[in-house]
Amino acid sequence: MASQPSQLIKQIELFVDSACSQTQQSASVDAVASLLKNDTITIEQLVREMEMYLTTTDNILRARGVLFLSEVIACLSSKPLDNATIHSLVGFFIGRLSDWRALRGALVGCLALVKRKNNVGMVTGNDARALAQSYLQNLVVQSLGQHDRMLCFELLQCLLDCFPEEAVALDDHLVYGVCEAIDGEKDPQCLMLTFRIVEVLAGLFPDPAGPIASIAEDLFDILGRYFPIHYTHPKIEDIDVSRDDLSRALMLAFSSSPFFEPFAIPLLLEKLSSSLPLAKVDSLKCLSYCAMKYGPQRMGKHAEAIWQSLKDAIQYLPEEPVLSSASDLSDNMGLQENEITKEALVLVQNVISQPSNAFLNLILDDEDINGVVNSIHSFGNYNDIPLQSKQKLVAVGHILSILGKTSSASCNRVFETIFVCLLDTLGVPPNSLMGGCFDRDVSFRRLNFGALYLSIQIIGACRDLAVDLTALTSHSNSVDCTWYSMLTSSSNSLVNVFSSNLLRSTKEKCRDPDILLGVKGLQILATFPGGSLLMSKSIFENVLMTLVSIVTLNFNITSLWKSALKALAQIGSFIDSYQESEKSQSYEAIVVQKILSLISMNECTMPFSLILEAISDISMTRDTILLKIVQVMEETIVAWFSGVYVDGDLKLAGNLVQLFDCYSNKLLPRIHEIGGFEGVPLHFAVHVWEQIQEVTTIRFGFNNEELLNATMVAMKLAVASCSEEDQHIIVEKSFGVISLSEYFLQMKSMSSIMSAQVEGLQLIQNSNKFDSRDDWVLSLFAAVIIALRPQTTIPDTRATIQTFITALLRGHVSSAQALGSMVNKMQHKVVDEENCRYFTLEDALELIFGMSLWSSNDDASLRSHGIGENGGLSLNMTDSALQQTQCITGLAWIGKGLLMRGHVKAKDITMIFLRCLLSGSDVGDSWQKQSSLDEGDAANLLPLMKSAADAFHILMSDYDDCLDKRFHATVRPLYKQRLFSTLTPIFLSSITKAKSSLVRSMLYRAFGHIICDTPLVAVLSETRKLVRVLLDALSVLSEDVLNKDVVYNLLLVLSAILMDKSGQDVIVENALFIINCLTQLISYPHKMLVRETAIQCLVAMSGIAHTRIYPIRTQVLRAVSKALDDPKRAVRQEAVRCWKAWASIA
């Protein structure tokens, strides 16, 4: 205990010493706070030890001492303190509020004490009042710095929030003090607090005779200066306050007191007439806030002025045309939604929802609205309506929609005054509202577009209102209003009107927007909650049949077809949401069955792609429908297999490809998303393998590559989504099928009587003995292996590996990918020692590399480049260039699998590729002793060297069909960066020492793949080393058209380097070399993107120091001028921009 005082004094002195770092000072506060929390010392002891620092006349020491005490107290927010201690501390800090030298510490201390909760001891009401009085008496807030002002505002807000009664007792003294404190504030963080303070303060004084009412004009004058918020803070990344935050806080302050109404509403209406869109949006938002808080009586004074401003805002459509296309009409009638219109409609809804009918009467009596309704006959044909009239029609439609959805009262008024007139225009006579029949002659004439549009808007609003009312009462039969009764009476007539007009229009091949409105109307009427109250079952089924007929027969009218399909999907989703069993039965019988039947209809004229699109959209409506669709698709796949592979039906094959694509891209993701259908992928995969087993021969001459790829994708995705147990079933089934193939049996018998090396040579000799069926079955088996989880065991792994190696020698890439997946996922140790078929990773690698396809070799040529050690892997091959390149590709995929898991064997594989690039001594015994090549020999090795260079692309690239996380690949973090760091010095050295131009070109190609596929951040960290090599690679590789993709990717890396701020010194140093390289690429003939990107890079180069680039300004302008006549417009545009940038350099 004796050491505690000395330790305490040491920590105090450390903090008080202004020479100490911020970190040391924070550590001192934490150390003393820890002593207090552990009751090692008391606050009384702390204050006693600090007495000298708290009372000294040295202003700096006193300020540091008070701040230290306050920060320690702030760390004790959860430690219980007695009332006497809190009272003493409050008294001390209140006294220091008048000491401007120690003000920072006093504010921190007061704030820490006021924030304390009741359960640990808090400031009393009397102490809070004394604190507030001292605050108002001693602090001139606007004379302080930003941080101190923020502390002042935080303290004031806490006092208002935590001690409202004591604040109210201060009356007008508090209100005037707040006005003085906030007047003139400009800091964003402080403004957030001031706006909140005004909001709370207004709530404390609601009395019309209170201080807020008497000073409302002055207080609002302070607030009004900030509207609208004009946020121009220079370092926005350092401030956690956005403009939206400030704007919302100011609006809350505006609406906090009804006494602001005489000043706020005129200001907002004035700003609403501004030409600045941002001011309009903020004004509308703020009016919405105020409308909800001020009440109908106060807002009624400004009703007419607000409504006139709202009409202008709703019609604020800066772009043309208003109704841009028929496809837009299916959703929002083509209104070009903008923030101003959106907020104006929100305000309309807010003022209409108030108890007063002032705004509702104004809107329904408005001359412009009634003018549109009364002249609705002039809106007969969409194409004949002038643009200005379309704007008015759209504006009125949205206003009526808001009136309809706001409340039953406003909806009733709309129906009684406007909807009846619209029905009459559409040919639905008044007697239909009493249950009469509609005028059937309407089916023989064109509907009035304006009446149709406004009717749809009103009906849609009614549906939204009905949904809201149903949600409030949790009962679908609760809607009982005048408008509902009127709509129910006319619903059958409306359905007949919409349907008849649709059928007439489709027969005439009409593409006018009113057709889409008819579809929208049918959709709305079919999605009203309440079962059959609005629409009988027979009418509902008629709606479904009408829409289905459009989908099945009118697919040549694209916009109409998509609109009808979307309507059917939304109807299905609605039925599922509201669990309407009767409608559900009708939907499945009419929609689902009909569309599914299109798959098997031989005489169906509808394109199969559209059939699948329709099926996909309908599958989204309900889980049970999805399951049914999946089952039908599986049955169709099984039924079509023999027709495709035995009979060679090309049309059926094309449809089967689309079927697999739909299953893979649409249905399987949906199954995975909803869950609960884990058995579906298993069922699909097993069914496919069962059908494969039954197909014993494949029709020769049938090109099935596209279908095979689609089947493999579906198989991979299905297997990948299965559990380990289900995968085991699939892999057993697939292995059972492939093990019956003649070649697999031959491989297995061969492996039992031959050594590994002899077996490898035999594999080479027999690498072309697969028949078509075996090749096809092997591809699907590879797809299964690629998608397996790491824990799933593979039957007879040895025979599987041998078969895949045989296949990769004949160019079977999927087998190479499967081998890569196997070595990527295999376990290091045996999990089940009793399972003799289980291979570990080391067993697999011993088997793979024990074959005579590759062997240990001491490569002198590799070591001559400073690479490698004694021993390593090399190729043992025949002279077949094709088999050499195929072997390299297979090794690349095996190496990728090992590299991704971080296995050391990956390095040996990369050394094989380097040997092939550097010398060619690995391609046969005749070259084993050569350490260099002349040009003639190198040219003969071109296919092998190119394959070795491209192997690095396989190693470094990401693939979505193999070795991907979707297929449970093992991925070690930063594996690309590690390989990049390892190979960069090797390639830089090899490129420097290479004597053959061909070898150098291939080294650049390989290294280009590495640079392009490495994460950019790793490349940018090595800019100084890579810039010159990158430029040389671009120059060399641009000479061969086969390198055009590598050139483009390297150019993208160069552009990233140019834009990187941290590497600008390297860019300046190499500016001339970079510009020379880019000017050569401006005329690159083989790829437009290379020319365009090169010019963009030159634009970036124009921004560096002019002293470096001015000498070659003329050269650049001469090169760019040629690009001004480039055949591609994008290149010409960039050339103009580049010319201007370089021409301005003086």
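Biologist: I'd like to learn to read ring pairs. How many aromatic pairs does a search of the whole structure find?

Modeller: The search turns up 20 aromatic pairs. Keep in mind that this is a predicted model.

Biologist: Can we take one? What kind of pair do Phe 15 and Phe 68 form?

Modeller: Look at two things, the distance between ring centres and the angle between planes. Here the centres are 4.9 Å apart and the planes meet at 50°, which makes the pair tilted. Phe 15 belongs to helix H1 (residues 3-16) and Phe 68 to helix H5 (residues 59-74), so the pair ties together parts 53 residues apart in sequence. Both Phe 15 and Phe 68 are buried.

Biologist: And why is the pair of Phe 415 and Trp 483 called tilted?

Modeller: Planes from 30 to 60 degrees apart count as tilted. The planes of Phe 415 and Trp 483 are at 50°, with ring centres 6.4 Å apart, so this pair is tilted. The pair links distant parts of the chain, with Phe 415 in helix H24 (residues 408-426) and Trp 483 in helix H26 (residues 482-507), 68 residues apart. Phe 415 and Trp 483 are both buried.

Biologist: Which residues do ring pairs link into a cluster?

Modeller: Find Phe 220, Phe 227, Phe 254, Phe 260 and Phe 263; ring pairs join them into a cluster.

Biologist: What about charges and rings? Which ring face does Arg 1028 lie over?

Modeller: Arg 1028 lies over the face of Phe 1073, 3.7 Å from the ring centre. Likewise, Lys 905 lies over the face of Phe 849, at 5.2 Å from the ring centre.

Biologist: Now the core. Which residues have the most contacts inside the largest nonpolar core?

Modeller: The general idea is that in soluble globular proteins, nonpolar side chains tend to be buried together. In this model, the largest nonpolar core has 396 residues, and Trp 483 and Phe 913 have the most contacts inside it. Leaving out residues up to four places away in sequence, Phe 913 touches several residues, including Ile 888, Leu 891 and Phe 952.

Biologist: Last one, helices. Where do the buried residues of H36 fall, seen down its axis?

Modeller: An α-helix has 3.6 residues a turn, so residues three or four places apart point the same way. H36 (residues 724-738) has 15 residues and reaches 21 Å from first C-alpha to last, close to the 21 Å expected. Its buried residues include Gln 727, Ile 730, Val 731, Ser 734 and Ile 738. Down the axis of H36, the buried residues fall within an arc of 165°, so they line one face of the helix.

Terms used: Residues numbered from 1 in each chain as written. Predicted model: local features only at pLDDT ≥ 70, side-chain atom pairs only at ≥ 80, totals over all residues. Heavy atoms only, no water. Core = buried A, V, L, I, M, F, W, Y, C linked by side-chain atoms within 4.5 Å. Buried < 20%, exposed > 50% of the residue type's maximum accessible area, 1.4 Å probe, protein only. Contact = heavy atoms within 4.5 Å. Helix = DSSP H or I, 4+ residues; strand = E, 2+ residues; numbered from the N terminus. Expected span 1.5 Å × (residues − 1). Arc of directions from axis to C-beta. Phe/Tyr/Trp six-rings, centres within 6.5 Å; stacked < 30°, edge-to-face > 60°. Lys NZ or Arg CZ within 6 Å of the ring centre and 35° of its normal.
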